[in-house]
There are 2 protein chains.
Amino acid sequence: MSGPTITYSALPEIPLIKRGDDLVKVITAGIDRAGINLRTGDIIAVAQKIVSKAQGRFIDLNDVEPSPRAIEIARRTKKDPRFVEVILSESEEVLREREGILIVVHRHGFVMANAGVDHSNVAGDEDRLLLLPEDPDGTCADIKAALDNKFGVDIGVLINDSFGRAWRNGVVGVALGAAGVPSLRDMVGEPDLFGRPMRVTQVAVADELSAGASLLMGQGAEGLPVVHIRGFKRSGKTCVAASLIRPKHLDLFR
Amino acid sequence: MSGPTITYSALPEIPLIKRGDDLVKVITAGIDRAGINLRTGDIIAVAQKIVSKAQGRFIDLNDVEPSPRAIEIARRTKKDPRFVEVILSESEEVLREREGILIVVHRHGFVMANAGVDHSNVAGDEDRLLLLPEDPDGTCADIKAALDNKFGVDIGVLINDSFGRAWRNGVVGVALGAAGVPSLRDMVGEPDLFGRPMRVTQVAVADELSAGASLLMGQGAEGLPVVHIRGFKRSGKTCVAASLIRPKHLDLFR
């Protein structure tokens with residue numbers, strides 16, 4: 001007798017993604033290659049990097065003119081002033097700086113290091129940077145609509161990234177975008193094992209799914225940027241990943 | 001052609017756990033009931049609550065005499081002074097307080113709400129509290145040694161809990177304890193897709209595994225406190241979950 005099961009499967013042989021690539025086609029081909037019969041309730045997690053690449057979110061450091069503020073922060077953090085300029089242009093607020101570290105509030109609301117600006121894994125020279133996707137929740141909704149339509153199903157779609165955290169070492173997968181997923185599941189009032197109403201608990205379901213997908217994506221030397229998730233019982237209302245961002249006035253650690 | 005896969009399966013029909021119960025026997029019976037042939041590399045995730053219950057980490061609020069400091073904090077946070085006294089006795093430091101909220105550094109080093117002191121899901125009256133387990137890494141090592149020996153394998157064992165976070169809404173699964181798992185996997189120097197050395201990245205593998213397990217544990221109305229994980233490729237050195245705690249002098253958000 002087996003119990004409830006959730007399975008994360010990386011789609012094999014996803015090609016390197018370039019600006020303008022159609023991710024729906026890439027994901028569909030991956031699903032076909034894996035022999036998966038997509039079903040209602042399944043979830044597709046897509047790595048932030050391939051979404052950013054498909055959207056052409058590249059910046060060449062040589063095109064960047066650092067502002068006086070970027071030069072000053074770069075001096076204190078010992079970073080490239082042009083890199084700092086790009087981070088600032090992606091950010092609403094700088095929360096912390098220390099040598100090698102810059103924690104900001106991204107324009108999308110995420111509190112994260114370097115505004116998610118990255119230079120790993122981008123083809124070409126060291127001077128090429130990759131920014132976060134534009135409108136990750138909207139992109140998830142678009143991908144979900146296209147896949148729902150193509151396969152005649154009602155699935156979930158996530159864009160996941162890896163974030164550092166306060167208080168704990170190491171990065172973990174989190175959801176940048178979501179569609180068709182109860183991203184923040186409200187457990188208020190559901191009875192506990194003994195039938196008493198539970199106190200307020202919200203579960204960051206989209207982040208837990210993203211962590212599971214992220215772990216598998218990190219398991220391949222050659223990169224596994226799309227993961228198919230099956231067995232998660234969708235309950236509660238679906239909501240976008242933006243609902244996972246704590247409003248500033250309720251945040252005790254800003 | 002299927003890609004790499006990680007599967008999380010809840011062990012069915014785990015009984016309610018009482019003080020003094022032998023968790024190794026409970027887990028073994030669950031593995032047998034599920035028809036799982038435990039293999040080297042598999043991981044067993046155990047919910048904090050059943051570890052605490054088996055260890056008898058109960059406190060009766062009626063036995064608690066609140067200190068003047070607990071009474072003062074209780075007044076400001078609008079909590080029961082006896083509940084605050086228990087939290088303080090489990091804590092090294094109070095980081096933040098606000099009405100209904102008390103964020104502390106637990107004696108084990110975890111930054112968390114209410115020092116993990118809980119009154120949900122404990123049989124009996126509302127006045128019975130449950131504390132975090134003693135020595136979660138040591139308990140994982142003990143469970144691993146017993147299961148390794150019983151099944152002739154080399155597995156991983158986790159104790160997971162759900163923590164709130166700075167900046168993001170909702171709780172997510174994290175590892176309180178670990179054995180036989182590369183809890184914090186060091187990606188420093190591993191080449192990226194284009195062969196350049198990656199910059200320093202540490203992945204909180206035990207937290208990602210715990211998030212995956214936690215999601216499944218939360219899927220059952222009747223509680224699914226033990227999850228079997230298969231397919232995770234163990235690489236890198238194993239280390240305890242305590243390695244996930246960022247030292248205070250390196251923490252920008254304390």
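The questions and answers below concern a predicted model with chains A and B.

Residues are numbered from 1 along each chain as its sequence is written, and chains are lettered from A in the order in which they are written. Local features need pLDDT of at least 70, side-chain atom pairs count only at pLDDT 80 or more, and totals for chains, interfaces and linings use all residues, while side-chain values use heavy atoms, with hydrogens and water left out.

Me: By what turn can chain A be laid on chain B, and which axis does that relation describe?
Reply: The copies are superposed by least squares on the C-alpha atoms of residues with pLDDT of at least 70 in both. Chain A falls on chain B with an RMSD of 0.0 Å and a shift of 0.0 Å along the axis, after a turn of 180°. That is the relation of a two-fold axis.

Me: Through which surface do the copies meet?
Reply: Contact means heavy atoms within 4.5 Å. The contact takes 84 residues from chain A and 84 residues from chain B. Of the interface residues of chain A, 100% are also interface residues in chain B, so the copies meet through the same surface.

Me: How much area do chain A and chain B bury between them?
Reply: Buried area is the accessible area (1.4 Å probe) that two parts lose on being put together, summed over both. Of this area, 53% lies on carbon and sulfur atoms. The total for chain A and chain B is about 7400 Å².

Me: Which three residues supply 12% of the area that chain A buries against chain B?
Reply: No other three residues of chain A supply more of that area. They are Trp167(A), Arg168(A) and Leu252(A).

Me: Which element gives the largest share of the side of chain A that touches chain B?
Reply: Helices (H or I, at least four residues) and strands (E, at least two) are DSSP runs, numbered from the N terminus. Elements that give two or more residues to this side include strand E1 (5-10), strand E4 (91-98) and strand E9 (172-179) of chain A. The largest share is nine residues, and it comes from H6(A).

Me: Which residue of chain A pairs with Asp207(B) in a salt bridge?
Reply: A salt bridge is a side-chain nitrogen of Lys or Arg within 4 Å of a carboxyl oxygen of Asp or Glu, and across the interface of chain A and chain B the rule finds four. Asp207(B) lies in helix H6 (residues 205-217) of chain B and its partner in the loop between strand E8 (156-163) and E9 of chain A, so the pair joins two chains. Asp207(B) is buried, with a relative accessible area of 2% (buried means under 20%, exposed over 50%, partly exposed in between; 1.4 Å probe, protein chains only). The partner, at 2.9 Å from N to O, is Arg165(A).

Me: How many residues apart in sequence are the parts that Lys248(A) and Glu93(A) tie together?
Reply: The side chains of Lys248(A) and Glu93(A) meet in a salt bridge (3.1 Å, N to O). Lys248(A) is partly exposed at 49% relative accessible area, and Glu93(A) is partly exposed at 27%. Lys248(A) lies in the segment after E12 of chain A and Glu93(A) in strand E4, so the parts tied together are 155 residues apart.

Me: Which residue forms a salt bridge with Arg234(B)?
Reply: The closest N and O atoms are 3.3 Å apart. The pair links distant parts of the chain, 80 residues apart, with Arg234(B) in the segment after strand E12 (226-230) of chain B and its partner in the loop between helix H5 (136-151) and strand E8 (156-163). Arg234(B) is partly exposed, with a relative accessible area of 29%. The partner is Asp154(B).

Me: What span should helix H1 of chain A have?
Reply: The expected span of a helix is 1.5 Å times one less than its number of residues. Helix H1 (residues 23-34) of chain A has 12 residues, and its end C-alpha atoms are 16 Å apart, which agrees with the expected 16 Å.

Me: Which residue caps the N-terminal end of H1(A)?
Reply: At this end, a side-chain oxygen of the capping residue lies 3.0 Å from the backbone nitrogen of Val24(A). Val24(A) is among the buried residues of H1(A). The cap is Asp22(A).

Me: Is Thr77(B) buried or exposed?
Reply: Thr77(B) lies in helix H3 (residues 68-77) of chain B. Leaving aside neighbours within four places in sequence, Thr77(B) is in contact with residues including Val84(B), Ile101(B) and Leu102(B). At 0% relative accessibility, Thr77(B) counts as buried.

Methods
Polar contact = N/O pair within 3.5 Å; in protein donor to acceptor, adjacent residues only side chain to side chain.
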